[in-house]
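Look at the sequence and the three-dimensional model side by side, and keep both in view while you read. The paragraphs that follow go from the whole chain to its sheet, then to some unusual backbone places, and finally to the interior.

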Amino acid sequence: MKLSTKKLISTAFVPGAVLAATLVMSGARSAGAQTLLLRYTFDESDSGSAEAADSGAPPAAAGVFVGASRIGNTPGGHSKGAVDFMGAVSPDNLKYVHGGDAAKLDGLETFTLTAWINAQDTPSGNRRILAKQGAGSFPGFSWNVNDPAEGGRSASNFGLRLFVGGEKGFQHDLSGPRVTIDADKKWVFIAVTYDGRLETDNVLYYSGSVTEVVTNQVATSINAGKTTETEARFTVSHTDAAITANTALQGWMDDVRVYSGVLNAAQLEAVRLENLPPSAPPKAISILNPKRSGTTVTFEFQSEAGRNHQVEFKASLGDPTWQALTTLTGTGANLLVTDNNAASATRFYRIATR
Ligand SMILES: [Ca+2]
Ligand SMILES: [Ca+2]
């Protein structure tokens with residue numbers, strides 16, 4: 001998983017000429033001990049039911065479409081295709097995608113499930129998001145829609161729930177575990193993490209959207225330990241634990257993932273951002289009208305609306321660190337910077353735009 005950030009730095013020697021304008025790219029963020037086991041982007045096409053490639057850890061478990069199809073409506077309009085479970089097929093419950101009995105998804109002590117969902121109708125009953133759970137003693141895991149924290153269930157107000165069949169038995173968190181999702185004909189990013197090494201507060205629910213960062217909504221408890229090996233298939237919008245039940249989500253889903261390990265909020269935010277159009281890079285900045293009077297230095301620069309400009313300084317380019325002077329909110333107009341403590345004979349300034 002990569003998280004790229006960009007900042008543009010303009011450096012000026014005051015008083016005098018602009019020395020440099022440098023584009024600095026910071027590098028990848030490691031997911032640490034987490035491993036992406038399975039991922040379907042559904043980007044093979046914007047329609048049709050060709051298999052979904054699995055870009056998770058090998059061996060690949062391609063997603064076979066059963067009754068489901070693709071749609072060209074995706075989070076932020078960024079990726080090519082999403083999976084559509086609204087199609088008119090009979091019987092109604094046969095609308096899902098499965099990856100077979102992928103052994104890499106069995107016996108997980110810790111895991112993280114993520115998905116984008118877009119509800120086209122009220123997600124009623126025990127509709128499934130992602131599952132790999134068998135019947136009987138319910139080995140494996142199932143991530144379901146559920147009642148919301150408050151009020152009646154609707155596409156704009158529903159909850160989520162996790163069921164785990166593990167070495168300590170079949171456990172689940174309480175109905176309506178205080179998660180509230182509004183995916184009423186809009187794309188919402190959802191995630192749940194499970195830590196089977198712990199007994200309490202070990203299930204965390206997260207949500208975000210096209211415009212909202214990922215936040216943790218609630219922690220619940222499931223004391224089930226490591227998931228039990230099962231022959232059940234990995235399923236999107238279905239479960240092998242109730243193979244004749246109608247468990248198709250009334251809507252669309254995109255970029256579904258299973259990780260081993262527990263992703264934190266920052267890592268989940270990086271997952272969310274991978275499905276959104278990258279924001280435009282900051283514009284280059286020139287430092288204007290530099291002046292010095294005694295120990296006071298002033299200069300201006302053309303700011304950029306919607307960005308923050310952090311002004312930093314050094315007495316010598318050989319100094320190990322830049323020191324923060326002030327941070328200004330961009331307006332699009334020229335902004336004035338005043339440094340009242342420029343005591344050294346020479347002082348260098350730069351502006352980092354984020
Ligand atoms: Ca997609
Ligand atoms: Ca198996």
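Two residues are said to be in contact if their C-beta atoms, placed from the backbone, lie within 7 Å. With that in hand, the chain can be described as a whole: among contacts with a separation of 6 or more, 67% join residues that are 24 or more positions apart. The model is a predicted one, in which local features need pLDDT of at least 70 and side-chain atom pairs count only at pLDDT 80 or more, while totals for chains, interfaces and linings use all residues. Residues are numbered from 1 along each chain as its sequence is written, and chains are lettered from A and ligands numbered from 1 in the order in which they are written.

The protein chain holds one helix and 23 strands, where helices (H or I, at least four residues) and strands (E, at least two) are DSSP runs, numbered from the N terminus. Of its 354 residues, 42% count as buried; a residue is buried if 20 or more other C-beta atoms lie within 10 Å of its own, exposed if 12 or fewer, and partly exposed in between, with the C-beta atoms placed from the backbone.

Consider next how strands come together. Strands of a sheet pair through backbone hydrogen bonds, either parallel or antiparallel, and here two strands are taken to pair if DSSP finds at least two bridges between them. Seven strands form an open sheet with antiparallel pairing, in the order E4-E7-E16-E9-E10-E11-E12. At its edges are strand E4 (64–66) and strand E12 (169–172), each of which pairs on one side only.

Strand E9, residues 128–133, is a good place to enter this sheet. On one side, E9 pairs with strand E16 (residues 235–236) in the antiparallel sense over two bridges, and Leu-130 has Val-236 in E16 as its bridge partner. E9 also pairs antiparallel with strand E10 (residues 140–146), over five bridges, one partnership being that of Gln-133 with Gly-140 in E10. E9 and E10 form a hairpin with six residues between them, and in the turn Gly-136 has a positive phi of about 80 degrees. Because six of the six residues of E9 are buried, this strand is largely enclosed by the rest of the structure.

What can be said of the two faces of E10? Both are covered, since Gly-140, Ser-142, Asn-144 and Asn-146 on one side and Phe-141, Trp-143 and Val-145 on the other are all buried. With seven of its seven residues buried, E10 is therefore largely enclosed by the rest of the structure. Seven bridges join E10 to strand E11 (residues 159–166), the two running antiparallel, and Asn-146 stands opposite Gly-159 in E11.

Some places in the loops deserve a careful look at the backbone. Phe-138, in the loop between E9 and E10, has a phi near 55 degrees, a positive value in a residue other than glycine, and Phe-138 is buried, with 24 other C-beta atoms within 10 Å. Ser-237, in the loop between E16 and strand E17 (251–260), likewise has a positive phi, near 70 degrees, and is buried, with 29 other C-beta atoms within 10 Å. In the loop between strand E3 (35–40) and E4 lies Pro-59, and the peptide bond from Pro-58 to Pro-59 is cis, with omega near 0 degrees.

The interior can be followed through its nonpolar cores, each a set of buried Ala, Val, Leu, Ile, Met, Phe, Trp, Tyr and Cys residues joined through C-beta atoms within 7 Å. The largest has 66 residues, of which Val-192 and Met-253 touch the most other members. Strand E8 (residues 110–119) gives the largest share of this core, six residues. Apart from this core lies another, of eleven residues, including Ile-285 and Leu-325. Leaving aside neighbours within four places in sequence, Val-192 is in contact with residues including Leu-113, Trp-143 and Leu-160.

Helix H1 (residues 265–273) has Gln-267, Leu-268, Val-271, Arg-272 and Leu-273 buried. These buried residues pack against E8, strand E13 (188–195), strand E14 (203–209) and E17.
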